[in-house]
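Below are some notes on the two-chain assembly you sent over, set out point by point. Please read them alongside the coordinates.

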Amino acid sequence: MKKLSYALIRCAPILGALLFFCTLPLYVRSDYILRVFVQIGIYVLLTSSLNIVNGYTGLFSVGHAAFFGLGAYGSAIVCTKLNLSFWQGLPTGMLIASLAAYVIAKPTLRLKGVFLTLVTMGSNMIIMLVFLNWDSLTGGSLGIMGIPMPEIFGTKFLRPLPYYYLIIVADILVIVLLDRLMRSRFGLTLKAIREDERAASCNGINVARYKTMAFVMAAVIAGAAGSFYAHYYRYISPEAFNFTESFIIVTMLAFGGPGNILGPVVGAAILVGVTEAFRAFADYRMVFYGTLLVLMMIFRSKGLLGGREYSLTITWPPVKKTVYSKGDRFLDTEKEENDEPAAG
Amino acid sequence: MFLQQVFNGLAQGSTYALIAVGFALIIGTLRLVSFCHGEIFMMGAYVAFTVVSRWQGSLLAAFVVAFAAAALLGALVEFVGFRLLRGASRISSLLVTIGFSTIFLNAAQLIWGAQTQSFPTDIDSAFEFMGIRFTFIQIVVYAVTICMFILLHLLLGKTKLGRAIRATALDHEAAFVMGVDVNRIYSFTYALGSALGGLAGVLVGLYYNAVYPAMGGMMGLKAFSACILGGLTSIPGAVVAGFFLGEIENLAVAYISSGFRHVFSFAILIFFLIFRPRGLFGRKDSIR
C-alpha cells in the first residue's frame, strides 16, 4: 500500500497531465479548439522525435519532414490501395519511415556536422521529388484523397474528439517513454556522444550504431505522426512534407529548447498557438518563424527552457543528496544542497 | 547535336560555377556553411527583374544593382549570424542562416508574388557558328562569368585586400596578429561571395527567362554539391566542379530523362560525401 502511494506521488505530474487533458473536452466544447490541440499534438510528436537526434545526440538534422511524409504516404497508400484500416496503416507507415531512416543513416552518419545536415536536407528534397514524380503510386502533385478515417469497434472517427484522445494518449506515451529512455543507459550514451564523440568512442561506445539507432527511433515516431496526420486530414500532398515543414519542426525545437523533455512541448504549443491566434496574418507566418529563430539564436541560443533537463517524476520519498565538496572537506551531506551542477 | 548540348551545358555550368565560387569563398574564409546562399541568389534575380521591368533600367544597371543588393544582404547575414554569435556554437550560426533563408524566401513571395515571372529582355537574337546555335544571352552568360573569374583572380592574387582574405582563410588568429582587421575581412568576404551569388541569379533569370521565389533552394544545394565536388574551400575546384555539374546535368537531361534532373546532381553529391568527402581537389582537413 505504501509502495503504491509512493508510486502515485512519484508519477503525480504525469497523472495530473493525463487527467487534465482527458477532462479538457468537458470544459472546452468547441471543435475548433480541439482541432488546434490535435495540431499541437502532431507537432509535439514530430518535435519530440527530432529532439532525440538534434537535442540528445547532438546531430543536426533538417530533413525530418521526410520521415513524416514517408509515414503519411506509406499509411495512406496501404489504406487506399489495399483497403486496410488505420490500425494496419499506422505500423506500415512507421516501418517504411524507419527503413528509409536506416538506409539514409547507415552510410551517412559517419559524416560530421554540416555534411550530415546537408545530407538530411538533400534526402528530404529527394523524397519530396519522389512523392511528386511517382504518379502511379503517390498521385503526383494532386496527392492522395479519400484516406479512410480510423475506426474503433466499428465506430468511425467523425468528430475531432476521438482524434484528440488518440493524439493525447500518443503524446503522453511518447513523452513518458522518452523521459525514461533518456535517463537510461541508452540515453546517457546518446548524451555522451553529444558532449564528446571521441571520448565516447574511447569508452567503448559504438558511436555510429547509437547514432543510427537514435535516427531510426526518431523516424519511427515521425512516421507514426505522419500516419496520424494522413488519417486525420484524409488528404495528403507532397507540399506538406517539403523543406518548409522540416524548418518549422526545427524552429519549434530550437524555440522550446533542445535536449530536454519539455522543450518540444513548449515550443510546439506556443508556436502553433501563436500561428492560430494570428490567422489573419497567415501570409507572414514563415517570415515570423524565421525572424523568431534568428532572434532566439541571438538572445537565448539554448531555447526558452534553456539547456536544463527537467524530470517528469517527483523523487519520493525525498532523499538527501550527497554533494561532493570542492574544498578540503571530503563529503558534505548537510550543506550546499543547492550546489548541484547544472546539467548541460 | 552533341556539341550543341555541350555548349548549353557550358552556359548552365558557368552559372553553377559562379554561385559555387561565392560559396567556396565564404566557406573557406569564415568556416561557416551558409544555408541562405540560394535565397540571396534568388534575391539578386528579383532585384534585377525589378530594375529591368519596373524601373525600365538597362541590363547593365540591373547587373550592378543586383550585385550591390546581394552584397548588402550578405553583409547583413554575416553581421547577425556570425559577428553577433562569435562565441556561440556553430549550430546557432547554421540555424541563423537557415532562418534567414526562410525570411528571404517568404519576403520575396510577399513582395513579388509566388508565381513565375518572365524576365523582360529585348535581346533574343541568336546566331549560328560552325553549326552550333548560340543565343545572345548565352554569350552574356559566358562573358559575365569569365569577367568575374578574372576579376576575382586579380583581387585575390594581386591586391592587398586579397592577400588579407587569403591570410584570414588560412589562419584568422595569425592574420589578426599581423594587423589584419579580421572582422572587416569576414564581412567583406561574405558580401563578395553573396554578390557573386546574386550575379549568378541574374544570369539564371536571364538564361531561363524566369524568376520565381523557389528558384534559390535547389540552386543553393547545387552550389553546395559543386563545392563539395571541388573540395569545399578550393576556388578553382569550385569552378571546375560547377562546369562539370552543369555538363553532367545537361547531358543527362538530353539523353536520359528530364523528370529527375536534380536527382543526378544529388546522386553525385551523396556519392562524393560517402566515398571521397574531400572532393576532387580538397585538402584532407579543409573543414571540420
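1. The model is a predicted one, and I begin with a single aromatic side chain. Setting aside residues up to four places away in sequence, A:Phe67 touches A:Ala97, A:Ala100, A:Ala101, A:Ile104, A:Phe215, A:Ala219, A:Ala222 and A:Gly223.

2. That residue also stands out in the largest nonpolar core, which holds 195 residues and in which A:Ile42, A:Phe67, A:Ile236, A:Phe241 and B:Phe100 touch the most other members. Helix H11 of chain A, spanning residues 207-233, supplies the largest share of this core, namely 14 residues.

3. Turning to the interface, 34 residues of chain B are in contact with 31 residues of chain A. The two chains bury about 3000 Å² between them, and 89% of that area lies on carbon and sulfur atoms. On the side of chain B, the residues that lose the most area to chain A are B:Leu95, B:Leu110 and B:Leu273, which together account for 18% of what that side buries.

4. Which elements of chain B give two or more residues to the side that touches chain A? They are helix H4 (90-112), helix H9 (215-230) and helix H11 (261-275) of chain B, and the largest share, 13 residues, comes from H4(B). Sorted by class, this side of chain B has 27 nonpolar residues, seven polar ones and no charged ones.

5. As for specific polar interactions, the count of salt bridges between chain B and chain A is zero. The search for residue pairs in polar contact across this interface likewise finds zero, with both residues required to be at pLDDT 80 or more, and that condition should be kept in mind when the count is quoted.

6. Within chain A, helix H9 (residues 185-195) has as its buried residues A:Phe186, A:Gly187, A:Thr189, A:Leu190, A:Lys191 and A:Ile193. The buried residues of H9(A) pack against four named partners in chain A: helix H3 (31-56), helix H8 (160-182), helix H10 (197-202) and H11. A:Lys191 deserves a look when you inspect the list, as one of the buried residues of this helix.

7. Is B:Gln4, for its part, buried or exposed? This residue sits in helix H1 (residues 2-30) of chain B, and it counts as buried because its relative accessibility is 18%, while the cut-off for that class is under 20%. Leaving aside neighbours within four places in sequence, B:Gln4 is in contact with B:Ile132 and B:Arg133.

Note on methods. Residues are numbered from 1 along each chain as its sequence is written. Chains are lettered from A and ligands numbered from 1 in the order in which they are written. This is a predicted model: local features need pLDDT of at least 70, side-chain atom pairs count only at pLDDT 80 or more; totals for chains, interfaces and linings use all residues. Side-chain values use heavy atoms; hydrogens and water are left out. A nonpolar core is a set of buried Ala, Val, Leu, Ile, Met, Phe, Trp, Tyr and Cys residues joined through side-chain atoms within 4.5 Å. Buried means under 20% relative accessible area, exposed over 50%, partly exposed in between (1.4 Å probe, protein chains only). Contact means heavy atoms within 4.5 Å. Buried area is the accessible area (1.4 Å probe) that two parts lose on being put together, summed over both. A salt bridge is a side-chain nitrogen of Lys or Arg within 4 Å of a carboxyl oxygen of Asp or Glu. A polar contact is a pair of N or O atoms within 3.5 Å; within protein, one must be able to donate a hydrogen and the other to accept it, and residues adjacent in sequence count only if both atoms are side-chain atoms. Ala, Val, Leu, Ile, Met, Phe, Trp, Tyr, Cys and Pro count as nonpolar, Asp, Glu, Lys and Arg as charged, and the others, Gly among them, as polar.
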